[in-house]
Amino acid sequence: MNIDVQILYSFGGETVMYKPKEFIFKEGEHSQYYFQIISGKVKLNTFTENGKEFIHNILGNNQSFGDPLLFIEKLYPTNAVSLQATEVVRVPKKNFIEMLKTHPDLSLEVNMCLSQRLYYNSLMVRNIASADPIQRLKGLLDYLKSYHDGDCQQCFPVELTRQQIADLTGLRVETVIRTIKKMVNQEIIKMEGRRILY
DNA sequence: TCATTAATATGAT
DNA sequence: ATCATATTAATGA
């Protein structure tokens with residue numbers, strides 16, 4: 001979700017800068033803040049027993065994270081790591097709740113946002129369970145696209161490396177590369193240099 | 001800039 | 001799916 005930064009500031013929001021590859025929070029920590037990205041990129045990940053990384057999501061400008069835990073007392077289920085120099089605004093939980101009470105319109109918006117995530121999440125889970133790698137990639141792309149505001153046909157740029165796509169879908173890099181080629185042939189996606197347009 | 005590392009692409013097992 | 005290797009892009013000393 002994307003909340004007016006001025007409002008965030010007026011409720012105790014503060015700007016925090018992170019260097020590339022810096023932890024913003026770690027799995028198992030207590031959730032304290034609502035985070036919204038001003039610029040940069042953040043990934044949410046966990047590691048399997050054998051040390052393989054699984055990326056849950058990658059967020060960019062004007063996107064938020066840590067928000068599903070605002071209303072419940074649970075520990076973070078993932079790490080949050082900046083992929084590049086990243087500027088975020090963070091608002092303490094209590095202030096965030098205060099803000100929603102004083103701005104019912106915002107509260108509604110937050111509800112819509114969370115609902116939309118749930119919706120696309122269920123689609124995502126279905127596709128990721130599919131054996132067909134094309135379906136898995138397509139599921140991921142639809143999911144990522146749902147986070148994107150300005151949408152038009154075949155011009156949503158996927159700013160991910162193949163390795164990151166592999167870590168998001170649980171596929172191997174080689175499989176991702178080969179599947180992407182197939183999808184270009186089937187005109188499901190387009191390429192602009194090495195970047196994918198969907 | 002040049003050297004080193006990361007990412008991409010393809011072929012083989 | 002895993003491994004090996006060649007090419008290309010990105011990074012940083």
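Trainee: Ala, Val, Leu, Ile, Met, Phe, Trp, Tyr, Cys and Pro count as nonpolar, Asp, Glu, Lys and Arg as charged, and the others, Gly among them, as polar. How do the residues of the surface near DNA strand C divide?

Mentor: Three are charged, one is polar and none is nonpolar. A residue is near a strand if one of its heavy atoms lies within 4 Å of it. This is a predicted model, where local features need pLDDT of at least 70 and side-chain atom pairs count only at pLDDT 80 or more, while totals for chains, interfaces and linings use all residues. Residues are numbered from 1 along each chain as its sequence is written, chains are lettered from A and ligands numbered from 1 in the order in which they are written, and side-chain values use heavy atoms, with hydrogens and water left out.

Trainee: Which residues are around strand C?

Mentor: Arg172, Glu174, Thr175 and Arg194. Of the atoms of DNA strand C within 4 Å of the protein, 75% belong to sugar and phosphate.

Trainee: What does glutamate 174 reach on strand C?

Mentor: A base nitrogen, which lies 2.7 Å from a polar side-chain atom of glutamate 174. A polar contact here is a pair of N or O atoms within 3.5 Å.

Trainee: And strand B, which residues are around that one?

Mentor: Thr161, Arg162, Gln163, Glu174, Ile177, Arg178, Lys181 and Arg194. Sugar and phosphate make up 60% of the strand B atoms that come within 4 Å of the protein.

Trainee: What touches the phosphate oxygens of strand B?

Mentor: Lysine 181 has a polar side-chain atom 2.6 Å from a phosphate oxygen, and arginine 162 has a polar backbone atom 2.9 Å from one. Helix 5 (162-169) and helix 6 (173-185) are the elements that give two or more residues to this surface. Helices are DSSP runs of H or I with at least four residues, and strands are runs of E with at least two, numbered from the N terminus.

Trainee: Which element gives the most?

Mentor: Helix 6, with four residues.

Trainee: Changing topic: why does threonine 78 count as buried?

Mentor: Because its relative accessibility is 8%. Buried means under 20% relative accessible area, with a 1.4 Å probe and protein chains only.

Trainee: Where does threonine 78 lie?

Mentor: In the loop between strand 6 (64-65) and strand 7 (79-82). Beyond its neighbours within four places in sequence, threonine 78 has contacts (heavy atoms within 4.5 Å) that include Phe25, Leu44 and His56.

Methods
Buried means under 20% relative accessible area, exposed over 50%, partly exposed in between (1.4 Å probe, protein chains only). A polar contact is a pair of N or O atoms within 3.5 Å; within protein, one must be able to donate a hydrogen and the other to accept it, and residues adjacent in sequence count only if both atoms are side-chain atoms.
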